[in-house]
2 protein chains.
Amino acid sequence: MITGKNYIGQQISAQGNKTFKTFNPLLNAENPWKLTEATAEEVEEACNLATEAYKTYSRTSGVQKAKFLRAIAEEIEALGDMLLEVYQSESGLPNGRARGERKRTLGQLRDFADYVEAGDWVDASIDTAQPERHPIPKVDLRKMNIALGPVVVFGASNFPLAFSTAGGDTAAALAAGCPVIVKSHPMHAATGEMVASAVIKAAQQTSMPNGVFSNLNSSGIEVGQQLVLHPNIKAVGFTGSIKGGRALYDLAAQRKEPIPVFAEMGSINPIVLLPNALHNRAENIAKTYANSITLGTGQFCTNPGLILGVKSDGLTRFINTLAQEIIKVEPTCMLHPNIAGAYEAKKANALEQQGVKVLATYPEEVKPNHARQVVTTVEGETFLNNTTLHHEVFGPFSIVVQCEDETQLETVISKLEGQLTGTIISDENEINTKYNIVAALQNRVGRIIFNGVPTGVEVCPSMQHGGPYPATTDSRFTAVGVNSIKRFVRPFSFQSWPNELLPDELKNENPLGILRTVNGKTTNEPMNQ
Amino acid sequence: MITGKNYIGQQISAQGNKTFKTFNPLLNAENPWKLTEATAEEVEEACNLATEAYKTYSRTSGVQKAKFLRAIAEEIEALGDMLLEVYQSESGLPNGRARGERKRTLGQLRDFADYVEAGDWVDASIDTAQPERHPIPKVDLRKMNIALGPVVVFGASNFPLAFSTAGGDTAAALAAGCPVIVKSHPMHAATGEMVASAVIKAAQQTSMPNGVFSNLNSSGIEVGQQLVLHPNIKAVGFTGSIKGGRALYDLAAQRKEPIPVFAEMGSINPIVLLPNALHNRAENIAKTYANSITLGTGQFCTNPGLILGVKSDGLTRFINTLAQEIIKVEPTCMLHPNIAGAYEAKKANALEQQGVKVLATYPEEVKPNHARQVVTTVEGETFLNNTTLHHEVFGPFSIVVQCEDETQLETVISKLEGQLTGTIISDENEINTKYNIVAALQNRVGRIIFNGVPTGVEVCPSMQHGGPYPATTDSRFTAVGVNSIKRFVRPFSFQSWPNELLPDELKNENPLGILRTVNGKTTNEPMNQ
């Protein structure tokens, strides 16, 4: 079932002779499948097919696109347990996580299907003509969102399903009417091929044009670079490291025609512990965070890597409990030896910084590729003076910053880089008096949480998964939820256009019955003509 | 009344010793006012004030922002005829245009006032908690648009009011809740100072924070560079040349924290003449276009610089009539000697290209800084092989491309750079059979026009003024109409946040009565709790 080949549109293709294998971190051994890297010619072909497919796919109705998206979900389900087995063998993640992530992936595809089938998402806006207006007659103008063009999606190492081949970026782009070329993640390329086969089957079943989807293998950077620089490509979605995301952003910005790169990158997701909350329930908070820090071996983009509080008896009790609790958690396996290696290196670098004290580190030896969790602490002043400590250590690592007072706490927050999330742990009314702290935190994040944990990103329309740089390259968009479609569309106006030639979304009769803004009023009624 | 100084927030300031004067192109002489360039310290101070102002201004209610925007409009009106006189002396534009542009500027400010007062624009979205959901409870999430941060606006040479100091970009950013620093256009810096004084008065009257607006003089590029590179600045609006816009885009992309640059740049706005239309009314079309090409001395971003048709008797009659009609138009004054000089140079360069034939050029000598209109023609093949001819000649210049057949016409369209607009001139039902031509044109533009002219950009919500690069740096946004506010906002989510601490837009009671999406339904009702 796994061929190791690329999908150049519907065509299975392996013209190259460079191959690679994925790795099972639990077994600490290579997986059996031999993946063939896409050649420059195959990349070129995928880009040309995507541009050809765009001509029809961008004009495919919401109903048809919904059928396609639902068929993808069905075909992924039809892959059955074998998909989960390959997923686990390429990620080391447990079966429950595999099932949960598959469920989420199917849910995302079906959410987008519902969204484009309903059709309101095009933001249709109509201003009718006023031929009698003086001194200049008003023309008829009608606007809606249209697909941007072929989109390249880079899969994420830590979400082989939900943020990869047919994950959120792909679902959003396909829903928008954009053909997608996936640069498969080399750590889970076999999982990727299986999912790609499901997408291709779904495209054939629902008569989508050849080239609406391609899947390219690559263990290096050349395929990705060629894709981002290709003039046919009009946008890029990426989930991964700051280094990787920034490199793609820079490439795209240097093109003759720059294109948008929406990269969702690193985050340390600061947690602010307010004094009364610490006073009343330091131990409970510590237990909650011992779990959140180690969840999924700390390999979530919303992992709480930074905990901030003002020195107090409560903070001391929090620290002591966190140290006790964190070592009770059984270490788990990381995604890949490279990721385990990077964790060890970044952790070691953080621990070497002056003033950093280890609170607790898992004491026993661990199996290969398993991560020993560590919590550390540092003085507020030390943290402020050393930006190395502001950077993500991807894995089960967190640093507790002990501030002298609330002024220093506010300063620390305001000096942080952009983050996906920020969390306030507060007693009922305590937050009411901390306006400056909340405002400073809001300024650095895309989502703010009251008395919760940042891990666990609910997929729903009101989710903002994005934030100021370097959390993402463009805080004006989200990577999760149906509004993420906005990354891949542009508004388009028709002036004095014949009614019968307008897209259905803009016709007088409103045949789709969608919500539109007509001369300033929101309505799903047809227009009186 | 004109001091020649900068506004660093409310403070009139002229710490530097570098000065410049503006120029009256009609009199071919310098204007009397001496403008003092902003120093690096003044730029720094404006950026710091803007960041401080952002803390409160970003949280100012829509009602209060509306008062501020309306007060700006009133204060600009209160400048009376003197504003028009200074405008004319710095642009050479006629009084009717000055009045029209002022009216448009006031209209934009008041449109944004209405828009933010109504409040629906924040796209409020609420998904309520489901604590009983299995296996994981659903948290309460609420999302709305918030202001991005301090914005820098670069004024346009060709719209001293509507796209400059208190023009569309400034109105959009202020409406969003972003403080604005204007880098005043050096060709109309005195007009700019007058308008800036109106903005500052309005800010004081409506108790807006100091730093919500600054206005900086500069005749060089240093002030603009310093602004775009300043870490406090979070977005840039620009209207002008491709060279200028791209330089700012590149600077912003190279920052440690890249920021969005929305640059509206060059466009040649192709006109496609279909054969039946030419057959039936070549002469009328030519007369209409002789006017559109020369309107405002060809200094509109939507000026029709390219006319495309298939060789036919009709096209020949069109060409002949256009040649006769264009020279009947009395040449008018350009904005500045530099712009007149650039027009002459670019025109000469276009005329030197092999295969370019002049159809007509205004035959008489003209007054200084006045532009002699020119229409030219070229074969389709020649045009395809020479991209120099694809670039804008800013001024009353147009090129008629005579294609061999419809296939070549479609190829020419598909090879064009991105454009603000495209126009189809068609007989009633003729367009129905030209699917490929329309599709190709739609792919290259942001607005498509049926049987009209691209000049005259209606300011209304359904206007898309933007398009694929190089028409703009990001086709996902518009520069005209209230939706242009989206350039300067980002979505923000509150998770499990206490109701009383939420912004009014997201409270259960919906105190503002705005339209919101609550659990998937669009409603302006309060929530049942």
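Begin by selecting strand β10 of chain B, residues 180-183, where both faces are covered, with B:V180 and B:V182 buried on one side and B:I181 and B:K183 buried on the other. As you look at these side chains, keep in mind that this is a predicted model. In a regular strand the side chains alternate between the two faces of the sheet. Next add strand β9 of chain B, residues 151-154, which pairs with β10(B) in the parallel sense over four bridges; within this pair, B:V152 stands opposite B:I181.

Stay in chain B and move to helix α13, residues 406-415. Which residues of this helix are buried? They are B:Q408, B:L409, B:E410, B:V412 and B:I413. To see what lies over them, display β15 (306-310), α12 (380-384), β18 (397-403) and α14 (435-444) of chain B, which are among the elements that cover the buried residues of α13(B).

**Chain A as a whole**

Now hide chain B and show chain A as a cartoon, in which 14 helices and 23 strands can be followed. The radius of gyration of chain A is 25 Å, close to the 24 Å that the globule rule gives for 529 residues, so the chain is as compact as a globular protein of that length. If you orient the view along the principal axes, the C-alpha trace of chain A spans about 75 × 65 × 40 Å. Colouring by burial would mark 58% of the 529 residues in chain A as buried. Contacts within the chain also reach far along the sequence: among those between residues at least 6 apart, 75% join residues at least 24 apart.

Colour chain A next by its domain assignment, which gives domain 1 as 7-265 together with 478-487, and domain 2 as 271-450. The centres of these two domains, taken over C-alpha atoms, are separated by 33 Å. Where they touch, domain 1 of chain A contributes 11 residues and domain 2 of chain A contributes 12 residues, and the side belonging to domain 1 divides into four nonpolar, five polar and two charged residues.

**Backbone details in chain A**

Select A:N269, which is found in the loop between β13 (261-264) and β14 (271-273) of chain A. Its phi is near 50°, a positive value in a residue other than glycine. Is A:N269 buried or exposed? With 29 C-beta neighbours inside 10 Å, A:N269 counts as buried.

Then go to A:N451, in the loop between β20 and β21 of chain A. Phi of A:N451 is likewise positive, near 50°, in a residue other than glycine, but here there are 19 C-beta neighbours inside 10 Å, and A:N451 therefore counts as partly exposed.

The loop between β20 (445-450) and β21 of chain A also holds A:P470, which is joined to A:Y469 by a cis peptide bond with omega about 5°. Turning to chain B, a cis peptide bond joins B:Y469 and B:P470, again with omega about 5°, and B:P470 is placed in the loop between β20 and β21 of chain B.

**Where the two chains meet**

Show both chains together and select the residues in contact across them, which number 53 in chain B and 53 in chain A. On the side of chain B, the elements that each supply at least two residues are β7 (125-127), β8 (141-147), α8 (242-253), β20 (445-450) and β21 (489-495). Which of them gives the most? That is β21(B), with seven residues. By class, the side of chain B that touches chain A has 25 nonpolar, 17 polar and 11 charged residues.

Zoom in on strand β21 of chain A, residues 489-495, which is joined to β20(B) by three bridges, the two strands running parallel. In this pairing, the bridge partner of A:Q495 is B:I449.

Finally, superpose the two copies. Chain B can be laid on chain A with an RMSD of 0.0 Å by a turn of 180° and a shift of 0.0 Å along the axis, which means that they show the relation of a two-fold axis. To find this axis from chain B, select B:A253, whose C-alpha is the nearest to the axis in that chain, at 3.3 Å. Because 100% of the interface residues of chain B are also interface residues in chain A, the copies meet through the same surface.

Methods: Residues are numbered from 1 along each chain as its sequence is written. Chains are lettered from A and ligands numbered from 1 in the order in which they are written. This is a predicted model: local features need pLDDT of at least 70, side-chain atom pairs count only at pLDDT 80 or more; totals for chains, interfaces and linings use all residues. Domain bounds come from an automatic or database domain assignment. Two residues are in contact if their C-beta atoms, placed from the backbone, lie within 7 Å. Ala, Val, Leu, Ile, Met, Phe, Trp, Tyr, Cys and Pro count as nonpolar, Asp, Glu, Lys and Arg as charged, and the others, Gly among them, as polar. Two strands pair if DSSP finds at least two bridges between them. Copies are superposed by least squares on the C-alpha atoms of residues with pLDDT of at least 70 in both. A residue is buried if 20 or more other C-beta atoms lie within 10 Å of its own, exposed if 12 or fewer, and partly exposed in between; C-beta atoms are placed from the backbone. The radius of gyration is taken over C-alpha atoms; the globule rule is 2.2 Å times the number of residues to the power 0.38.
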